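Thanks for making the time this morning. I would like to talk through some charged pairs and the enclosed space in the structure I am about to put up, and I will try to go slowly.

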Amino acid sequence: MNARISKGVPVVEGLFTWPSDKPQLIGTKCLSCGSYFFPKTLSCNNPDCEEKKVEEVLLSRRGKLYSYTMQHYPPPPPSKFSEPFVPYGIGLVELPEGIRVIGRLTTTHTSELRIGMDVELTVEKICEDDQGNELVTYKFKPLK
Amino acid sequence: MREVCVLGVGMHPWGKFDDKSVKQMVLEAGNRAIEDASVKWRDIGFIGAASPLFEGGMDYGLAANELLLAVSASGIPVYNVSAGCAAGGAAFDAAYRAVADGMCDIALAMGGEKMPKGFIPYRGTAQDITNVEYLRWVAIGIPNPGYWAFEARRRMEDFGTTDTHFAKVSVKAHKTGAQNPYARYRKVLTLEEVLNSNMVDDPLHLYEICAVSDGAAIVVLGTAEEARKRTTKPVFVAGSAALTGTFGDTQVRVPDLSATAKSTAPHFSEVVNPVRKCYEIAGIGPREIDFVELSDNSVWQELAWPEYFGMLEPGESDWMVDHDETTVDGKLPINPSGGFLSFGEATTAMGLFQVCELVWQLRGQAGTRQVKNPKVGLSVSLGLGANGGAVILRV
């Protein structure tokens, strides 16, 4: 088994740095107004900006949990999850860049969550593909 | 700009009608609206149509053309408009402008939709990194109620809103919906039944989010002169606006993965913007609105939105619900129709379904769910792509 497969294949290329010990989300930043966007955007959409040019940037790994939910039903295709379905947490996380990002949480228990807590980006398995490869996505991990 | 009135409205009941085409449903709603308006099909000078997402419109979004080719090939201009689930509001706005600007004296706005069962499915193909509709499924797995759940959970933190407050909204909706002959779900629910229904996206239960349905609604608009030929008590369009969202909005809107949050934009700007515009056009303030029909995709919207619209103070909705003040007999009746919770969402038809209810209420034709002597009603719909529509009607 080569290293790449053992570490998993991203569900989508270009969303987060991988493989990496400290994965980061890949976004864009407006060169004029400094606004951040995720995922990567083609342009800045601030009507006050005239240049509109954006550059690719890596976003902070740590943020604060702004809100959360627990997904209790298997969502429709093309969603990815292991069978049998286990409910999973989804977080809305505020990053220091002034952007709020949604992503899966590593926990499946709401009792471990509270609004305002620190969370850190990680990458974990989401399911296996038809060839038995481990598919991974970005998730936020609550910090104690 | 000329004064515009509602001449007539017509609806097909909401539900699942497997043996009926959306074209037939639209035609039935249209015939009711034409009769209600005391006009003939040939009197219609313009149609604003919500392009259906799933069926009908000749599979090309051509809903107005399909209707005209079926019932009255009169050669008139039509706009088939897309605005996600706010398309009904956009179609209304197009028809309103056609009359107000003098293009014609009588215009029609229409919406009809037949929905697939279950969660609204992903129909796209593009899988590039900027296609958030693809990414939200494949990288996270979040359906629409997940987005409302974030808002609901945050509201609990900010205002102390409880599971009971949310459940009471559903109980209220089903109580009034049970009295509406056009509603799909006409069963009264208890607080326990709502709280014991399956959890979908914590903290939202199954009976606290809307289902999807088939439905059709049509509104006939005309000049004040045309209205006065037919009635001594016209319903006036005091304001109409179909607008979009503003940069910096702090909501993470469906199907985005993030929000570039700035304090300069209102939360849920695509619905706040058209509501504020309607206040301005109508010269009517938020406290002068007698009742509201709004997109209750979940119970959260019904609590939060009247606060965003300036009708209530932030957090005040919980008190209103605790004191039954949003029922048809309350200080600020919300969704006297029974709302999306009782009807299910027939996406592109909803903006017009809301206008039908405003008209019936303002005319005093709402039967046992009648709001007491209303003078001014507001409807608000939210659509994909940062679309929003609002209408203020008055008598």
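The side chains of Lys16(B) and Asp214(B) meet in a salt bridge, with a distance of 3.2 Å from N to O, and I should say at once that this comes from a predicted model. The two partners sit in distant parts of the chain, since Lys16(B) belongs to the loop between E1 and H1 of chain B, whereas Asp214(B) belongs to strand E7, residues 214-223, of chain B, and they are 198 residues apart. Is each partner buried or exposed? Lys16(B) counts as partly exposed, at 25% relative accessibility, while Asp214(B), with a relative accessible area of 1%, is buried, and the cut-off for that word is under 20%.

Let me turn to another pair in chain B, Asp318(B) and Arg155(B), whose side chains form a salt bridge at 2.9 Å, again N to O. Asp318(B) lies in helix H11, residues 316-322, and Arg155(B) in helix H5, residues 144-159, both of chain B, so this pair ties together parts that are 163 residues apart in sequence. Here Asp318(B) is buried, and Arg155(B) is buried too.

Next come Asp105(B) and Arg2(B), which meet through their side chains in a salt bridge of 3.1 Å, N to O. This pair also links distant parts of the chain, 103 residues apart, with Asp105(B) in the loop between helix H3 (87-100) and E4 of chain B, and Arg2(B) in the segment before strand E1 (4-15) of chain B. Asp105(B) is partly exposed, with a relative accessible area of 36%, and Arg2(B) is partly exposed as well, at 33%.

In chain A, I would point to Arg61(A), Arg62(A) and Glu120(A), which are linked in a network of salt bridges. Over all chains, the count comes to 28 salt bridges.

That leaves the enclosed space. The structure holds one cavity of 30 Å³ or more, and the largest cavity contains about 80 Å³ of space. Its lining is made up of 13 residues, of which Val26(B), Gly57(B), Ala63(B), Glu66(B) and Met110(B) are the closest to its centre. Which elements of chain B each supply at least two residues of that lining? They are helix H1 (22-37), helix H2 (63-71) and strand E4 (106-113). As for the chemistry of the lining of this largest cavity, its residues divide into seven nonpolar, four polar and two charged.

Methods. Residues numbered from 1 in each chain as written. Chains lettered and ligands numbered in written order. Predicted model: local features only at pLDDT ≥ 70, side-chain atom pairs only at ≥ 80, totals over all residues. Heavy atoms only, no water. 1 Å grid on protein atoms, 1.4 Å probe; cavity = no way out; pocket = protein on both sides within 12 Å on 5 of 7 lines; lining within 4 Å. Points joined across faces, edges and corners; volume = space filled by probe spheres on them. Helix = DSSP H or I, 4+ residues; strand = E, 2+ residues; numbered from the N terminus. Nonpolar A, V, L, I, M, F, W, Y, C, P; charged D, E, K, R; others polar. Salt bridge = Lys/Arg side-chain N within 4 Å of Asp/Glu carboxyl O. Buried < 20%, exposed > 50% of the residue type's maximum accessible area, 1.4 Å probe, protein only.
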